[in-house]
Amino acid sequence: MRRLENGLLLIAKGYGWLPDARRARGRRTVAARLGGLPVLGIEGPEAARFLYDEDHVRRSHAVPEPVQGTLFGKGAVHTLDGPAHRTRKAVFIGLLMDDARVAALVDGATAAWDAAVPRWVQRGEVVLVDEAAEVITRAVCAWAGVPLADDDAPAMARDLTAMVDGFATAGPRHWRARRARGRREAQLAGLVQGVRDGTAPVPPGSVVDTIARHRDADGELLDPHTAAVEVLNVVRPTVAVAWFVAFSGHALTRWPQHRERLASGDAAFALAWAHEIRRFYPFAPFIGGRTPRAVEWDGERVPAGTMVLLDLYGQDHDADLWGDPYAFRPERFLDREIGPFELVPQGGGDPRTGHRCPGEQVTVAVLSALAVRLARLRADVPEQDLSVSLRRIPARPASGVVLRVHGTD
């Protein structure tokens with residue numbers, strides 16, 4: 001396999017790097033180098049199945065330090081494999097894939113949204129991505145058992161969004177993300193210790209309580225820092241749903257013909273909307289791991305230690321899977337069974353047994369509910385830059401989607 005260094009191309013093209021490389025080669029598989037490491041870029045349902053088979057690809061030692069230091073946290077479940085991963089992940093499955101828990105979080109998010117609307121009316125213009133982040137922060141912290149004074153919510157929301165916004169870049173966004181993570185890990189490590197020694201009571205069975213008392217595969221409690229990391233790995237990705245809410249605002253501006261049906265509260269259409277938002281708009285460009293031994297894929301010999309990257313953005317825009325993939329059509333998800341390795345904005349496979357995000361159910365539920373609320377807003381969209389650059393990771397509308405809110409229907 002001929003491998004050329006692609007670091008500068010990734011910077012220049014962002015989400016387009018792997019799709020463009022695969023198109024140039026005329027294959028779903030492309031060999032490259034990133035940072036001097038051998039890389040194999042792959043795409044398609046069978047490629048996703050290959051990536052999520054731990055016999056072929058493993059996540060331990062595969063998550064780059066800049067991503068650990070900003071997005072996931074060091075020692076996080078994302079960096080584990082085998083029994084250690086399964087034992088730790090079982091906590092997240094119990095917390096994030098329980099229908100009653102998810103419904104309670106959705107209720108909290110919609111109540112926080114409804115409470116925020118009068119404030120938005122008074123302020124005139126608001127930036128949707130920022131306001132959605134604060135709404136979700138208030139809801140998820142209350143739900144998770146993280147104490148949050150009313151006046152502290154904006155700062156917490158800024159820190160949680162900074163962790164997401166700085167994971168794939170250098171410069172100011174990256175360092176803001178590291179500082180934000182340091183602050184919140186220290187705060188939550190203290191909270192975990194307080195739960196354990198009885199000085200910081202939290203609701204029994206809450207996220208904080210459950211993670212503080214969890215014992216890992218070795219039978220030991222998590223150290224307070226690692227426990228804090230895992231609390232953030234529930235709270236932080238939930239707040240990242242704000243990106244999809246902003247993309248929903250972008251979509252309603254570009255394709256207003258969908259507003260009435262979404263605002264009606266049609267549950268099937270709201271669910272289809274959430275799937276199409278996550279498919280159509282860019283968030284994570286790829287996900288990866290390393291080969292523990294030499295393997296073969298798509299006629300290529302893949303040496304041990306190769307970084308294998310599943311092209312999430314490319315697969316979510318694969319014409320063979322979606323037909324007319326660059327058209328925004330929520331109805332494509334009405335009455336369609338979605339294969340476990342087809343729609344992959346948050347990974348592929350079964351979250352109970354692999355590395356697919358167990359919070360996907362939360363993401364879809366919260367997004368569906370808030371998209372309906374958004375469609376019901378009476379708001380103007382002033383002149384602004386609504387472009388979405390594929391060079392920026394994570395992508396977002398340039399303006400964040402500015403709205404002039406007048407009320408709600």
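# Exercises on cysteines, helices, empty space and aromatic rings

The cysteine sulfur closest to that of C141 belongs to C357 and lies 17 Å away, too far for a bond. The model is predicted, so local features require pLDDT of at least 70 and side-chain atom pairs pLDDT 80 or more, while totals for chains, interfaces and linings use all residues. Residues are numbered from 1 along each chain as its sequence is written, and side-chain values use heavy atoms, with hydrogens and water left out.

## Exercise 1. Cysteines

Determine how many disulfides the structure holds, and explain the result for C141 and C357.

Solution.
- Step 1: the criterion. A disulfide is a pair of cysteine sulfur atoms within 2.5 Å.
- Step 2: the distance. For C357, the closest cysteine sulfur is that of C141, and at 17 Å it is too far for a bond.
- Step 3: the count. The structure holds zero disulfides.
- Step 4: the surroundings. C141 has a relative accessible area of 1% and is buried, whereas C357, at 26%, is partly exposed. Buried means under 20% relative accessible area, exposed over 50%, and partly exposed in between (1.4 Å probe, protein chains only).

## Exercise 2. Helices α12 and α17

Compare the end-to-end reach of α12 with the value expected for its 14 residues, do likewise for the 17 residues of α17, and state how many residues of each are buried.

Solution.
- Step 1: the conventions. Helices (H or I, at least four residues) and strands (E, at least two) are DSSP runs numbered from the N terminus. The expected span of a helix is 1.5 Å times one less than its number of residues.
- Step 2: α17. Helix α17 covers residues 360–376, and its end C-alpha atoms are 24 Å apart, in agreement with the expected 24 Å.
- Step 3: α12. From its first C-alpha to its last, α12 reaches 20 Å, close to the expected 20 Å.
- Step 4: burial. In α17, 13 of the 17 residues are buried, so this helix is largely enclosed by the rest of the structure. In α12, twelve of 14 are buried, among them W243, F244, F247 and G249.

## Exercise 3. Empty space

Describe the largest cavity and the second largest pocket by volume and lining.

Solution.
- Step 1: the grid. On a 1 Å grid over the protein atoms alone, a cavity is a set of points where a 1.4 Å probe fits but cannot get out; a pocket is an open set with protein on both sides within 12 Å along at least five of seven lines; lining residues have an atom within 4 Å of a point. Grid points are joined across faces, edges and corners, and a volume is the space filled by probe spheres set on the points.
- Step 2: the cavity. Three cavities of 30 Å³ or more are present, and the largest has a volume of about 80 Å³. Its lining includes G249, L252, T253 and R259. Helix α12 contributes the most, with three residues, and β8 (377–380) supplies at least two.
- Step 3: the pocket. The second largest pocket holds about 310 Å³ and is lined by 16 residues; D130, A157, R158, T161 and A162 lie nearest its centre. The greatest contribution to this lining, six residues, comes from α8, while α7 (128–144) and α9 (172–197) each supply at least two.
- Step 4: the composition. Ala, Val, Leu, Ile, Met, Phe, Trp, Tyr, Cys and Pro count as nonpolar, Asp, Glu, Lys and Arg as charged, and the others, Gly among them, as polar. The cavity lining has six nonpolar, two polar and one charged residue; the pocket lining has six nonpolar, one polar and nine charged.

## Exercise 4. Aromatic rings

Classify the ring pair F244 and F283, and then W273 and F328.

Solution.
- Step 1: the rule. Rings of Phe, Tyr and Trp (its six-membered ring) pair if their centres lie within 6.5 Å; planes under 30 degrees apart count as stacked, over 60 as edge-to-face and the rest as tilted. This rule gives 15 aromatic pairs.
- Step 2: F244 and F283. The centres are 5.4 Å apart with 40° between the planes, and the pair is tilted. F244 lies in α12 and F283 in the loop between α14 (267–280) and β4 (286–290), so the pair ties together parts 39 residues apart in sequence. F244 is buried at 5% relative accessible area, as is F283 at 19%.
- Step 3: W273 and F328. With centres 5.2 Å apart and planes at 80°, this pair is edge-to-face. W273 lies in α14 and F328 in the loop between α16 (319–322) and α17, so parts 55 residues apart in sequence are tied together. Both W273 and F328 are buried.
- Step 4: the cluster. W273 and F328 belong to one aromatic cluster that also includes F247, W255, F269, F280 and Y281.
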